[in-house]
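Subject: Structure handover

Hello,

Here is the structure you asked about, with the sequence alongside. My notes on what was found in it follow below.

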Amino acid sequence: MYSMINYLDIQEAIWKAVSSIQWYPVVDYIEFGEMEPPFIRLGNLYFDENSVKNGEGVKAQQYINIYSTYSGKKEIIQMMDEVNRVMDNINIEGHQVRIKKGHVSLSLAKDQLGSIHLRMDKNNNKFYHAVMVFDIYIY
């Protein structure tokens, strides 16, 4: 018999997995201009009811944003690989967890508003931004 699935338990399991990355800072929230890349930020989190006939189920969809000002894609792809690795380690006591990797995008952007960092740098305020989406099924 499964226990009730709490949203906070899901968020805490995701945080525990992603914050285990030791090479890059991981944040859940950041003020504009507070931190310079590289860093990983837990983005939007959505929940859907996903029960089956013999028990409660929840589908959570976690967006993870990754930022890098490294000249080239090497650093951001390493960061993406780390996120992939740790997301497979999500565990919620008393529940079965299945992770499905969803859409991933990687783009070069220009920080025109100073929203990531306020200094001019050698990259002319350009940075790489990756968005990874994970579907997390909990039963």
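Leaving aside neighbours within four places in sequence, Ser68 is in contact with Pro37, Pro38, Glu75, Ile76, Met79, Phe127 and Tyr128. Please keep in mind throughout that this is a predicted model. Ser68 belongs to strand S3 and counts as buried, because its relative accessibility is 0%. Its side chain makes a polar contact of 2.5 Å with the side chain of Glu75.

Two of the residues that Ser68 touches, Pro37 and Pro38, are joined by a cis peptide bond, with omega near 10°. Most peptide bonds are trans. Pro38 sits in the loop between strand S1 (26–27) and S2.

Aromatic residues

Phe127, another contact of Ser68, forms one aromatic cluster with Phe39 and Tyr67. In total there are 4 aromatic pairs. For Tyr67 and Phe127 the ring centres are 6.1 Å apart and the planes are at 50°, so this pair is tilted. Tyr67 is in strand S3 and Phe127 in strand S5, so the pair links distant parts of the chain, 60 residues apart. Both rings belong to buried residues: Tyr67 has a relative accessibility of 11%, and Phe127 has 7%.

Elsewhere, Arg98 lies over the face of Tyr137, 4.4 Å from the ring centre.

Nonpolar cores

In soluble globular proteins, nonpolar side chains tend to be buried together. Here the largest nonpolar core has 30 residues, and Val18, Ile40, Ile64, Ile66 and Val83 have the most contacts inside it. Two or more residues come from each of helix H1 (7–18), S2, strand S3 (58–68), helix H2 (74–87) and strand S5 (126–138). Apart from this core lies another, of 5 residues, including Val27, Ile30, Tyr67 and Phe127.

What does Val18 touch, leaving aside its neighbours within four places in sequence? Its contacts are Val26, Ile40, Leu42, Ile64, Val86 and Met87.

Leu42, one of those contacts, is found in strand S2 (residues 39–49). Leu42 is buried, with a relative accessible area of 2%. Beyond its neighbours within four places in sequence, Leu42 is in contact with Gln11, Ile14, Trp15, Val18, Val27, Asp28, Gln62, Tyr63 and Ile64. Gln62 lies 20 residues away from Leu42 along the chain, with 7.6 Å between the two C-alpha atoms.

Phe134 is placed in strand S5 and is also buried, with a relative accessible area of 1%. With neighbours within four places in sequence set aside, Phe134 is in contact with Ala60, Gln61, Gln62, Ile64, Val83, Asn84, Met87, Ile99, Lys100, Lys101 and Gly102. For Phe134 and Met87, the C-alpha to C-alpha distance is 8.2 Å, across 47 residues of sequence.

Salt bridges

How many salt bridges does the model have? The count comes to 2.

One is between the side chains of Glu82 and Arg85, at 2.8 Å from N to O. These residues are 3 apart in helix H2, which means that about one helical turn separates them. Glu82 counts as buried, with 17% relative accessibility, whereas Arg85, at 45%, counts as partly exposed.

In the other, Lys101 is paired with Asp88, and their closest N and O atoms are 3.5 Å apart. Lys101 lies in strand S4 (residues 97–110) and Asp88 in the loop between H2 and S4, so the salt bridge ties together parts that are 13 residues apart in sequence. Both partners count as partly exposed: Lys101 has 42% relative accessibility and Asp88 has 46%. Lys101 is also among the residues in contact with Phe134.

Regards

Conventions
Residues numbered from 1 in each chain as written. Predicted model: local features only at pLDDT ≥ 70, side-chain atom pairs only at ≥ 80, totals over all residues. Heavy atoms only, no water. Helix = DSSP H or I, 4+ residues; strand = E, 2+ residues; numbered from the N terminus. Buried < 20%, exposed > 50% of the residue type's maximum accessible area, 1.4 Å probe, protein only. Contact = heavy atoms within 4.5 Å. Core = buried A, V, L, I, M, F, W, Y, C linked by side-chain atoms within 4.5 Å. Phe/Tyr/Trp six-rings, centres within 6.5 Å; stacked < 30°, edge-to-face > 60°. Lys NZ or Arg CZ within 6 Å of the ring centre and 35° of its normal. Polar contact = N/O pair within 3.5 Å; in protein donor to acceptor, adjacent residues only side chain to side chain. Salt bridge = Lys/Arg side-chain N within 4 Å of Asp/Glu carboxyl O.
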